[in-house]
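Subject: Structure for you to look at

Hello,

I am passing on the structure below. My notes on it follow, for you to read alongside the coordinates.

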Amino acid sequence: MSDNTFASTRPAPLTLLGLGAMGVALARTWLAAGHPLTVWNRSPGRSAELAAAGARVAATAAEAVAASPLVVACLLDDASVREALAEADLTGKDLVDLTTSTPAESRTRAAWANERGARFLDGGIMAVPPMIGVPEAGGYVFYSGSREVFDAHREVLAVPAATRYVGADPGFAALHDVALLSAMTAMLAGARHAAALVENAGIDRKEFGALLAGWLTAMAPATAAYAGGPVAEDPTSPAVAAAGDAALLRTAQEQGVDTALLIASAGSVSGM
């Protein structure tokens, strides 16, 4: 489910824990939309700008949690969430965790929140801070866990970025998030490898960069096939594929570039 239709919503109070670059971007959009916002951050100096914009600054995480029925966490990691909420009373609260985590960590956090009297919704942010509050930038957030919490707060949650509910399993948002980030990481590593190959060859870097971007863009639609399982329709024979992989490895060796990325990639493809 994708939803980005709630650009203008009824004012609803909420609490935000965590004022890193992403947290500040989220806070700005909620304040701009008129939502009463309570914020808390481990380093209090980061809250001055938001206080000037109308946010209430809590001295402790427990105080911030007590201020609103909806609590959003956007912290460094899962351990930070556990630590920040250790002394908070979560009874009757709706906790939305936008902290990057693993699927198992999200499921554990959901059970932990439920045991403490809260409903839980996990989130995976597919955007960087400049994309928050800018619908045309294309950013969105995966949500999974309590459908009741998602439905109750989706208008507020859709203010910073579009929403995509991906299932009742609390770990699904994290799984979607990390899977896509893994693909991005591998793509960027491949781009760095390509740049390293031509770095000392007398090739114009700017011109090659444009070629690289164009090639990856052209090939991007083909990536959808991998989500459907083995690419059985691939007309390339194993012998041709192996010869191509060997050429990639020999070229990297000739250019003095580490082959670890290519070896790992060839192994994962051949194992499909």
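The axes of helix H7 (residues 172-198) and helix H8 (residues 205-219) cross at roughly 145° and come within 11 Å of each other. This is a predicted model, and the values here should be read as such. The crossing of H7 and H8 is right-handed. On the H7 side, the contact is made by Met-187, Ala-191, Ala-194, Ala-195 and Val-198; H8 contributes Phe-208, Leu-212 and Leu-216. Sorted by class, the contact of H7 with H8 has eight nonpolar residues, with no polar and no charged ones.

Next, the internal space. The count comes to one cavity of 30 Å³ or more, and the volume of the largest cavity is about 40 Å³. Its lining consists of Leu-26, Trp-30, Leu-98, Ile-125, Val-141, Tyr-143, Leu-157, Pro-160 and Ala-161. Helix H1 (21-32) and strand E8 (140-145) each supply at least two residues of that lining. By class, the lining of the largest cavity has nine nonpolar residues and, like the contact of H7 with H8, no polar and no charged residues.

Last, helix H9. H9 covers residues 238-255, 18 residues in total. From its first C-alpha to its last, H9 reaches 26 Å, close to the 26 Å expected at 1.5 Å a residue. Gly-256, just after H9, takes a positive phi of about 70°.

Regards

Definitions and conventions:
Residues numbered from 1 in each chain as written. Predicted model: local features only at pLDDT ≥ 70, side-chain atom pairs only at ≥ 80, totals over all residues. Heavy atoms only, no water. Helix = DSSP H or I, 4+ residues; strand = E, 2+ residues; numbered from the N terminus. Expected span 1.5 Å × (residues − 1). Axes fitted to C-alpha atoms, helices over the stretch in contact; angles between N-to-C directions. Left-handed = near helix turned anticlockwise from the far one by under 90°. Contact = heavy atoms within 4.5 Å. Nonpolar A, V, L, I, M, F, W, Y, C, P; charged D, E, K, R; others polar. 1 Å grid on protein atoms, 1.4 Å probe; cavity = no way out; pocket = protein on both sides within 12 Å on 5 of 7 lines; lining within 4 Å. Points joined across faces, edges and corners; volume = space filled by probe spheres on them.
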